[in-house]
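Take a moment to turn the model around on your screen. Then let's walk through it together, one piece at a time.

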Amino acid sequence: MIEKKRTARQNNSIHLFFQEVARELNDRGIDMRVLVKNLQVSHTKDSVKGIWKAIGEAKYGKKSTTELTSKEIDEVYDEFNKLLSEHDVHIAFPDNTYYLHD
């Protein structure tokens, strides 16, 4: 069975998720060192995407988010959400068709 690539809607949702996670972590004063050891920076959409990509690469060997299938995106979200929940943070995966820029 060939897995379908992510949808445009999923792509938009991924980027909105990165933005919302960065905002929530920054608002709570949780810096990058807490999630990624030895880093001392504020979160950005791109830094959150880097964590997402690291999960995707570790789990599936895929270096780019564009390579992830729809099912893999759901599973990467589950892994990311587990990491966030260790810090009492939960951002639901956006279910919309719009994309917010910072």
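Start with helix 1, which gives us a quick sanity check. It has 20 residues, and at 1.5 Å a residue these should span 28 Å; the C-alpha atoms at its two ends sit 29 Å apart, so the two values agree. Keep in mind that this is a predicted model. The mean pLDDT of the protein chain is 85, with 90% of its residues reaching 70 or more. That confidence varies from element to element: helix 4 has the highest mean pLDDT, 93, while helix 2 has the lowest, 70.

Now look at which way the residues of helix 1 face. The buried ones include Ile14, Phe17, Phe18, Val21, Ala22 and Leu25. Polar residues are on the buried list too, among them Gln10, Asn12, Ser13 and Gln19. Here's a handy bit of background: an α-helix has 3.6 residues a turn, so residues three or four places apart point the same way.

What do the buried nonpolar residues build? The largest nonpolar core has 21 residues, and the ones with the most contacts inside it are Phe17, Val21, Leu25, Trp52, Phe80 and Leu84. Helix 1 (8-27), helix 2 (32-35), helix 3 (45-60) and helix 4 (70-85) each put in at least two residues. Helix 1 gives the largest share, with six. This fits a broader pattern: in soluble globular proteins, nonpolar side chains tend to be buried together.

Zoom in on Trp52 for a feel of that core. Leaving aside residues up to four places away in sequence, Trp52 touches Ile14, Phe17 and Phe18, as well as Ile73, Val76, Tyr77 and Phe80, and also Thr65, Leu68 and Phe93.

Next, follow the chain out of helix 1. Just after this helix, Gly29 takes a positive phi of about 75 degrees. Further along, in the loop between helix 2 and helix 3, you'll find His43. Is His43 buried or exposed? Its relative accessible area is just 5%, and buried means under 20%, so His43 counts as buried. The His43 side chain reaches the backbone oxygen of Ile30 at 2.6 Å. Among the other residues that His43 touches are Ala22, Leu25, Met32, Leu35 and Val48.

Finish in the segment after helix 4, where Asp88 lies. Asp88 isn't a glycine, yet its phi is positive, near 55 degrees. With a relative accessible area of 64%, Asp88 is exposed.

Notes: Residues numbered from 1 in each chain as written. Predicted model: local features only at pLDDT ≥ 70, side-chain atom pairs only at ≥ 80, totals over all residues. Heavy atoms only, no water. Core = buried A, V, L, I, M, F, W, Y, C linked by side-chain atoms within 4.5 Å. Buried < 20%, exposed > 50% of the residue type's maximum accessible area, 1.4 Å probe, protein only. Helix = DSSP H or I, 4+ residues; strand = E, 2+ residues; numbered from the N terminus. Contact = heavy atoms within 4.5 Å. Expected span 1.5 Å × (residues − 1). Polar contact = N/O pair within 3.5 Å; in protein donor to acceptor, adjacent residues only side chain to side chain. pLDDT = per-residue confidence, 0-100.
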